[in-house]
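The following exercises concern the architecture of a single chain and the meeting of its parts. Each task is followed by a worked solution.

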Amino acid sequence: MSQYVLRRLLIAIPSLLGISLVLFVVLALAPGDPFAELATNPNVPPEVALALRAKFGLDDPIYLRYLHWLNAMVHGDWGFSFVSRMNVDTLILQRLPATLYVIGSAQILALLIAIPVGVYAATKPYSLFDQIANTLAFVGFSLPTFFTGILFILIFSVTLDWLPFVYTTDIKGTGIRWVLEMIRQAIMPVAVLGLFQAASMTRFVRSAMLDVIRLDYVTTARAKGLGQATVIVKHVMRNAMIPVVTLIALQMPAVFGGAIVTEQIFRIPGIGSLLITSILSNDTPVVMAVTFVFACLVVLFNLIADVLYGWLDPRISLR
Amino acid sequence: MAPLLEIKGLKTHFSTDDGILQAVDGVDISINKGETLCVVGESGCGKTVTAMSILKLIAMPPGRIAAGQIIFEGRDLVPLTSSQLDEIRAKEIGFIFQEPMTSLNPVLTIGEQIAESLRRHEAVTKKQALERTIEMLKLVQIPNAEGRVHNYPHQFSGGMRQRVMIAMALACKPKLIIADEPTTALDVTIQAQILDLLQDMKERFGMAVMLITHAMGVVAETAQRVVVMYAGKVVEEAPVDDLFGDPRHPYTQGLIRSIPRIDLDSEHKTRLEAIGGSVPILINPPVGCRFAPRCKFAMNICTEKEPLLREISPGHRMACHLGDTHLGAAS
């Protein structure tokens, strides 16, 4: 088992190198760079701009720049954001809590809705509950978050004035007031994103359950007189959750990466909005760092999904 | 003596998009204590549905017990709810399924799957349940039971899994075992072993066995009494010797003639006889005898009036107009 994990981690190194190379080349090919503005800024003499470019090696051939970046990365230097005027790692760490809080809560909300609803709907297929759950799920994932987000803002902030529609990190007040305010401002983004995730996940859980519920061993379990609850939880759910857990593990990078659209709508200063503003302002070091972290997370959670799979399903042995 | 289990006029219907499928349509079967009863018939004749109806293991909906009584030790099981039936399932009536490859939960150890039934029905500790489980595995001749109890189903062969299923069904020492084609999915050498084991267990625990099969060879080997089913109905019922010695219903005769024989010398060897046609679809079945379209002896009355099950000699009942055409003339 540990050997398997070790081997997978070793295999991850070349793939991450490959990913970083692709990312770097794509970003280098994109028009503009962090100093593009200097060239058009009349207050900066052209020779100063050129000197700066030379200092940061911006006009070096691409392979040299890549090797510089790689060398720095290996030594723990994530680069410097010219736009924000701070180190990229501090910038990311600043933005991460908001993303983890909002997107993480949304995922938890999605699971708390999807698993019970999906499981219950599958135990009574085509019942009224199932039909309603299915219809709502269908509506839920047909509506994009940029639509429901704005709709929520319109209803709960503009019309009813119950909830704030801009997420701030510097809430005035301390103690319980601070906690309440943190919850209050997260309600809308968490609901919008959580319900959207819950909608597709409910359908996934339901169909995974339905696939298992008609299998022979479920009848065997019923024939033992175990009772509906035990049969469903121990025999059906235990098997149906294998693909669901894998799906959730594969979705986890998104929790760290932030939901770009939702973060934009609610002005959440998270990783997703950092990525967007960095792209718009040609802040290449930040874009490179965020996308690379995202790639690492994808690789890592793929490994976690595989390990979980082997742990949940005894038929799969990891070698 | 009252029979252990008495099924009276059982009708199990399934709602489908095309109409009501009358999978079991008025079946009477009784099993005495300690008896082995075989239920035979070709695929789709309703034998499995009959068996599954006893413990309401059919999917409901779309399945439904439309009529009839299932009296087990003087108590009708049909009106009971699923949770009331849970007290009877495994404890009083054990079930062995056809497919050992798919009837065990792949993510639980076999020990856990046997023990959970013990823990459900008997006041035993986890440790006692494990000991009993190992004991049961030894009884069904699983080598190295102490080690194997912690293995998963995929680590067993088909025959071994069926032994596990038998151990599971026997764990709570039920009074009746329903074995639904327990050997169909196994290869021939293993089939005999499993049947022997079943017979052995039956003698040891003194339980009754309802063995569902389509193999006449299995019937001859194990049964005391035989019920022949066709298209959701019982067509003949007799003690095993009577049935093979004096089969009365044309369908039973056909079934027996379709057994390959190796004991005849080459002069007497004939082509193996098959029953032509196939089982009718049981949505809006034809009036009259359901076997009539495939019957060599079919008469006019056969497509007009349904033959009723009647006793022709003690313990031997059959449902065919043949031999009493006077009934037809009278009506």
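**Exercise 1: The chain as a whole**

In this predicted model, among the contacts in chain A between residues at least 6 apart in sequence, 70% join residues at least 24 apart.

Task: State which secondary-structure elements chain A contains, what box its C-alpha atoms fill, and what share of its residues is buried.

Solution. Begin with the elements: chain A has 13 helices and two strands. Next, take the extent along the principal axes, where the C-alpha atoms fill a box of roughly 85 × 60 × 35 Å. Finally, consider burial, for which the criterion is 20 or more other C-beta atoms within 10 Å of the residue's own. Of the 319 residues in chain A, 31% are buried.

**Exercise 2: Division into domains**

Task: Give the domain bounds of chain A and the distance between the domain centres.

Solution. The domain assignment places residues 2–88 in domain 1 and residues 89–312 in domain 2. The C-alpha centres of these two domains of chain A are 32 Å apart.

**Exercise 3: The contact between the domains**

Task: Describe the side of domain 1 of chain A that touches domain 2 of chain A, by elements and by residue character.

Solution. First, count the partners: 24 residues of domain 1 of chain A contact 20 residues of domain 2 of chain A. Second, identify the elements that each supply at least two residues of this side of domain 1: helix 1 (2–29), strand 1 (80–81) and strand 2 (86–87) of chain A. Helix 1 of chain A gives the most, with 10 residues. Third, sort the residues of this side by character, which yields 15 nonpolar, seven polar and two charged.

Conventions: Residues numbered from 1 in each chain as written. Chains lettered and ligands numbered in written order. Predicted model: local features only at pLDDT ≥ 70, side-chain atom pairs only at ≥ 80, totals over all residues. Domains from an automatic or database assignment. Contact = placed C-beta atoms within 7 Å. Helix = DSSP H or I, 4+ residues; strand = E, 2+ residues; numbered from the N terminus. Nonpolar A, V, L, I, M, F, W, Y, C, P; charged D, E, K, R; others polar. Buried ≥ 20, exposed ≤ 12 C-beta atoms within 10 Å, placed from the backbone.
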